[in-house]
Amino acid sequence: MMSILEIVSPYASDIQAVVVFSLGFLICRYIYNRHSGSGAKKAVAKTATVSATATATKQVVQESHTTVENPNRFASITEELGQKNKFQSKNQSLLRWNKYIKENCMSQELDPFDVLINMQKDGIAPDLTTYNSLLDSCFMRRKVEEGLKLFQEMNDVTSPVRPDVITFNTVLKGLSFNQVDETCATVKKYFNIMKESGITANEITFNTIVDTHIRQGAFDDAFEVAKEMKDQGLQCDSFTFSSLIKGIETERQLEHVLGLLKQFTLVTDEVLYNSMLDACIRVHSLRRLDEVWAEMKKCGILPSSVAYGVLIKGYGLANKVADIERCWNEMRDRNMTI
């Protein structure tokens, strides 16, 4: 036969709440009987406060019973926390893998496919940063075929990680160092894949392609890419024009670059102007040489001894003795030496 304590024990909290509520009610009743007028109103306010406290106490009691009656609630919370910790652990592991790739990007022992296999064994899914870092490592170590194979894996329709603009820029930059006859054709191929994928090229994309064509001696192709860059609403910058100027071999090409340059409000420096002066000398265009020199001064760029050296070289090839003396006098007035 159960004792009274055993019978009452499960309801102890409820009984406690009822007792608190009853005591509150009796105290309020006593205060109300002792006071009247404004005092009665204050007592009523106190009664409401005590009643609210008792109600809150009862809710706490009910919630405690709910927890006891539903022990699975703790299990679900524990499971949820476990999943969260597991996710955080995997995220930390992914960060460590990506850091490892960056730190060892120049190591010849870094095999991108071994890295991906080991990550899979650890239950870690590589992200876009992982793939882009591995791609960059391949091309930096001149493993062009390995890099292109990795890119094909990324670009597969079943791949959970798809290429972005950084991916394509990495591939295009890697191809630019591949000194083979079909380099320009390969670059065009991957640029077309980029367009078909709906990825918008940026300034880095276009500048990389321009520079690649110039490296391969394909000035006309480079200039067409620069015009496409302009048509896309992008700014041809100092890097674009430095690459184009480097590839100038004829006066016609010089005129094309000067004409394109006038279409942009470009912040130029002496290095760019010196390259342009040198290009004028290469194609024996003294008229343009003088124009570029005048434009340089007009922009407020004070020529250095290097710039004067380039100019004197041009005048010397054309036997312009008077112009050479003028340059020497200007340098002497500025206490410059060549």
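This report walks through aromatic pairs, one helix, the cysteines and the salt bridges of a predicted model.

**Aromatic pairs**

Across the whole structure, a search finds seven aromatic pairs. One of them joins phenylalanine 151 and phenylalanine 168. Their rings meet edge-to-face, 5.2 Å centre to centre, with 70° between the planes. This pair links distant parts of the chain. Phenylalanine 151 lies in helix H7 (residues 144–155), and phenylalanine 168 lies in helix H8 (residues 165–176). The two residues are 17 residues apart.

How accessible is phenylalanine 151, buried or exposed? Its relative accessibility is 0%, so phenylalanine 151 counts as buried. Phenylalanine 168 also has 0% relative accessibility and counts as buried.

Phenylalanine 151 has another ring partner, tyrosine 190. That pair is edge-to-face as well, at 5.5 Å centre to centre and 70° between the planes. Here too the pair links distant parts of the chain: phenylalanine 151 in helix H7 and tyrosine 190 in helix H9 (residues 183–196), 39 residues apart. Tyrosine 190 counts as buried because its relative accessibility is 4%. Ring pairs thus link Phe151, Phe168 and Tyr190 into a cluster.

A lysine also meets a ring in this model. Lysine 149 lies over the face of phenylalanine 113, 5.0 Å from the ring centre.

**Threonine 170 in helix H8**

Helix H8 also holds threonine 170. Threonine 170 has a relative accessible area of 13%, so this residue is buried. Leaving aside residues up to four places away in sequence, threonine 170 touches Leu135, Asp136 and Phe139.

**Helix H16**

Does the length of H16 agree or disagree with its residue count? Helix H16 runs over residues 305–317, which makes 13 residues. At 1.5 Å a residue, H16 should span 18 Å. The end C-alpha atoms are 18 Å apart, so the two values agree.

Which residues of H16 are buried? They are Ala307, Tyr308, Val310, Leu311, Ile312, Gly314 and Tyr315. An α-helix has 3.6 residues a turn, so residues three or four places apart point the same way. The cover over the buried residues of H16 includes helix H14 (270–282), helix H15 (286–298) and helix H17 (321–333). Just after H16, asparagine 319 takes a positive phi of about 60°.

**Cysteines**

How many disulfides does a search of the whole structure find? The result is zero. Cysteine 105 is buried, with a relative accessible area of 17%. Cysteine 184 is buried too, at 11%.

**Salt bridges**

The count of salt bridges comes to 17. Side chains of opposite charge can pair when their charged atoms come close. The table gives three of the bridges, including the N to O distance.

| Acidic residue | Basic residue | N to O distance |
|---|---|---|
| Aspartate 220 | Arginine 252 | 3.4 Å |
| Glutamate 255 | Arginine 288 | 2.5 Å |
| Glutamate 330 | Arginine 326 | 3.5 Å |

Take the bridge between aspartate 220 and arginine 252. Aspartate 220 lies in helix H11 (residues 219–231) and arginine 252 in helix H13 (residues 251–261), so the pair ties together parts that are 32 residues apart in sequence. Aspartate 220 is partly exposed, with a relative accessible area of 41%. Arginine 252 is partly exposed at 44%.

Next comes the bridge between arginine 288 and glutamate 255. Arginine 288 lies in helix H15 and glutamate 255 in helix H13, so this pair ties together parts that are 33 residues apart in sequence. Arginine 288 counts as buried, because its relative accessibility is 12%. Glutamate 255 is partly exposed, with a relative accessible area of 27%.

The bridge between glutamate 330 and arginine 326 sits in helix H17. The two residues are four residues apart, so about one helical turn separates them. Arginine 326 is partly exposed, with a relative accessible area of 31%.

Some bridges share partners. Together they join Glu255, Arg287, Arg288 and Glu291 into one network.

Definitions and conventions: Residues numbered from 1 in each chain as written. Predicted model: local features only at pLDDT ≥ 70, side-chain atom pairs only at ≥ 80, totals over all residues. Heavy atoms only, no water. Phe/Tyr/Trp six-rings, centres within 6.5 Å; stacked < 30°, edge-to-face > 60°. Buried < 20%, exposed > 50% of the residue type's maximum accessible area, 1.4 Å probe, protein only. Lys NZ or Arg CZ within 6 Å of the ring centre and 35° of its normal. Expected span 1.5 Å × (residues − 1). Contact = heavy atoms within 4.5 Å. Disulfide = S-S within 2.5 Å. Salt bridge = Lys/Arg side-chain N within 4 Å of Asp/Glu carboxyl O.
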